[in-house]
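Reader: Hi! I'm new to this one and would love a quick tour. Could you put it up for us?
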Amino acid sequence: MNAGDGAAGAIGDGAGMRETARGTMHAWQCDHMGHVNVRAYGDRFEEACWQYYAMLGITPARLRNRDIHMAAVQQDVAYRKELLGGDVVAVRTRMLDAREKVLRFQHEMLNCETGDVCATCTYTVVCLDPLARRSQPFPSDILERARAFLAEATPAGPSR
């Protein structure tokens, strides 16, 4: 994305990135110093999580039917560039790890006007049995999709 591209089109930028959220940072989300508050970043990353889950097959219907539950066990946020009220942002997401019971993925929040990565957020999530409240393997269709997303995000090594 180049400066001046504005909000047109979906962002992906290779390496298995998928656009998972888009919106505007509003003045009411700013702190008393005029900067977008950390809560607003968290809200946008949370929206991106639910979109990414749906792309993986972890749909609202599946969660409501109690087929599986999800639990975030770790969240790491890095703030890189400041955002101000009125800035238009997009979040893109890539898979970092896909194990039997655990997924790890990273969001990047971009300023759509400048193309700058303003923040990143890495989540580690676990699949839960909703009745036993213990970790369980992901259903095979979800794990297959997560591993396909991981393959897209993993650069191919040199061919032999």
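Reader: Thanks! Let's start with helix α3: which residues are exposed on the other side of α3, away from the buried ones?
Author: Those are S140, E144 and A151. One thing to keep in mind is that this is a predicted model.

Reader: And which residues of α3 are buried?
Author: I142, L143, A146, F149 and A153 are. They span an arc of only 120° around the axis, so they sit on the same side of α3.

Reader: Nice. What covers those buried residues?
Author: The cover includes strands β1 (18-24), β3 (88-98) and β4 (102-111), along with helices α1 (38-56) and α2 (60-64).

Reader: How does the span of α3 fit with 1.5 Å a residue?
Author: It agrees: α3 has 14 residues, 140-153, which should span 20 Å, and its end C-alpha atoms are 20 Å apart.

Reader: Let me zoom out. How many helices and strands are in the chain?
Author: Three helices and six strands. Starting at the N terminus, their order is β-α-α-β-β-β-β-β-α.

Reader: How much of the chain is buried?
Author: Of its 160 residues, 41% are buried. The chain exposes about 8700 Å², with 49% of that supplied by carbon and sulfur atoms.

Reader: Now the surface: which residues make the nonpolar patch?
Author: V38, V77 and Y79 make that patch, which is about 270 Å².

Reader: Where does V77 lie?
Author: V77 is in strand β2, residues 69-79. With a relative accessible area of 35%, V77 counts as partly exposed.

Conventions
Residues numbered from 1 in each chain as written. Predicted model: local features only at pLDDT ≥ 70, side-chain atom pairs only at ≥ 80, totals over all residues. Heavy atoms only, no water. Helix = DSSP H or I, 4+ residues; strand = E, 2+ residues; numbered from the N terminus. Expected span 1.5 Å × (residues − 1). Buried < 20%, exposed > 50% of the residue type's maximum accessible area, 1.4 Å probe, protein only. Arc of directions from axis to C-beta. Contact = heavy atoms within 4.5 Å. Patch = residues over 30% accessible without salt bridge, like charges linked within 9 Å, V, L, I, M, F, W, Y side chains within 5 Å. Areas by Shrake-Rupley, 256 points an atom, 1.4 Å probe, with all protein chains shown as cover. Salt bridge = Lys/Arg side-chain N within 4 Å of Asp/Glu carboxyl O.
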